Amino acid sequence: MRLGKDGKVQLIKKVPLFSKLSKKELEEVAHIADELDLPKGKLMAEEGDRGREFFVLLEGEADVTKGDQIINTMREGDFFGEIALVTDVPRTATVTTTSTVHALVITDRAFRELLRQSPAIQGKVLEAVASRLAHSL
């Protein structure tokens, strides 16, 4: 299953980081999102490492572990790593595929380039980050 632009937009708009973006701005984010297939057992993120990608699972499952304990199982539509797009904060958990996974991925480099080219998107993303931080205090 390969997503068209509209399919990518539908998934991306569910992410809190992108909640304030217009349809046109969401399309710009969708444009830099790639689809990839990952085999069972693939390490998608490792606790303590610097995050460099944001993922949305399109098909398949992945376990989220902290230390040696499974704390969650991600499925279709689940996402992680959005904070890695705007900060250098280390990953707080490890994510490993438990089946073949089809995912949408945005790299921090592509996203930061998009923010540099679009001050409107940058402002709305920063507003979403600030709102998220305010709610966590």
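**How many bridges join S3 to S8, and how do the two strands run?**

The model is predicted: local features need pLDDT of at least 70, side-chain atom pairs count only at pLDDT 80 or more, and totals for chains, interfaces and linings use all residues. Residues are numbered from 1 along each chain as its sequence is written, and side-chain values use heavy atoms, with hydrogens and water left out.

**Exercise 1. Place S3 in its sheet.**

Step 1. Fix the terms. Strands (E, at least two residues) and helices (H or I, at least four) are DSSP runs, numbered from the N terminus. Two strands pair if DSSP finds at least two bridges between them.

Step 2. Answer the opening question. S3 and S8 are joined by 6 bridges and run antiparallel. Glutamate 59 has histidine 102 of S8 as its bridge partner.

Step 3. Look at the other partner. S3 also pairs with S6, antiparallel, over 2 bridges. Here phenylalanine 55 is the bridge partner of phenylalanine 80 in S6.

Step 4. Assemble the sheet. It is open and antiparallel, with 4 strands in the order S1-S8-S3-S6. Strand S1 (34–38) and S6 are its edge strands, each pairing on one side only. S1 meets S8 antiparallel over 5 bridges. In that pair, glutamate 35 is matched with leucine 104 of S8.

Step 5. Add the helix. H1 packs on this sheet and touches S1, S3 and S8. The direction of H1 makes about 80° with that of S8. Contact means heavy atoms within 4.5 Å. Axes are lines fitted to C-alpha atoms, for helices over the stretch in contact, and angles run from 0 to 180 degrees between N-to-C directions.

Step 6. Check burial. Buried means under 20% relative accessible area, exposed over 50%, partly exposed in between (1.4 Å probe, protein chains only). In S3, 5 of the 7 residues are buried, so the strand is largely enclosed by the rest of the structure.

**Exercise 2. Work out the order and edges of the sheet that holds S4.**

Step 1. Read the order. An open, antiparallel sheet of 4 strands runs S2-S7-S4-S5.

Step 2. Find the edges. Strand S2 (43–45) and S5 each have a single partner strand, so one side of each is left without a neighbour in the sheet. Neighbouring strands are turned by 30° against each other on average, direction ignored.

Step 3. Zoom in on one pair. S4 (residues 62–66) and S5 are antiparallel and share 5 bridges. Valine 64 is opposite asparagine 72 of S5. Alanine 62 faces methionine 74 of S5.

Step 4. Inspect the turn. The hairpin of S4 and S5 has 2 residues between the strands, and glycine 67 takes a positive phi near 70°.

**Exercise 3. Describe how H1 meets H2.**

Step 1. Take the geometry. The two helices pack at an angle of about 105°, with axes 9 Å apart.

Step 2. Classify the angle. H1 and H2 are therefore roughly perpendicular (65 to 115 degrees).

Step 3. List the residues. H1 contributes Lys5, Asp6, Lys8, Val9 and Ile12, while H2 contributes Lys23, Leu26, Glu27, Val29 and Ala30.

**Exercise 4. Trace the nonpolar cores.**

Step 1. Define the object. A nonpolar core is a set of buried Ala, Val, Leu, Ile, Met, Phe, Trp, Tyr and Cys residues joined through side-chain atoms within 4.5 Å.

Step 2. Find the hubs. The largest core has 24 residues, of which Ile12, Phe18, Val29, Ile106, Phe111 and Val125 touch the most other members. Elements giving two or more residues include helix H1 (5–12), strand S3 (53–59) and helix H4 (119–136).

Step 3. Follow one hub. Beyond four places in sequence, the contacts of isoleucine 106 include Ile12, Val29, Phe54, Leu85 and Phe111.

Step 4. Note the second core. This separate set has 14 residues, among them Leu57, Val64, Ala103 and Val105.

**Exercise 5. Two glutamates in loops: is each buried or exposed?**

Step 1. Locate them. Glutamate 76 sits between strand S5 (69–74) and strand S6 (79–80). Glutamate 82 lies between S6 and strand S7 (94–97).

Step 2. Apply the cut-offs. Glutamate 76 has 61% relative accessibility and counts as exposed. Glutamate 82 has 8% and counts as buried.

Step 3. List contacts, leaving out residues up to four places away in sequence. Glutamate 76 touches Leu57, Leu58 and Gly60. Glutamate 82 touches Val15, Leu17, Phe54 and Arg132.

Conventions:
Parallel < 35°, antiparallel > 145°, perpendicular 65-115°, else oblique.
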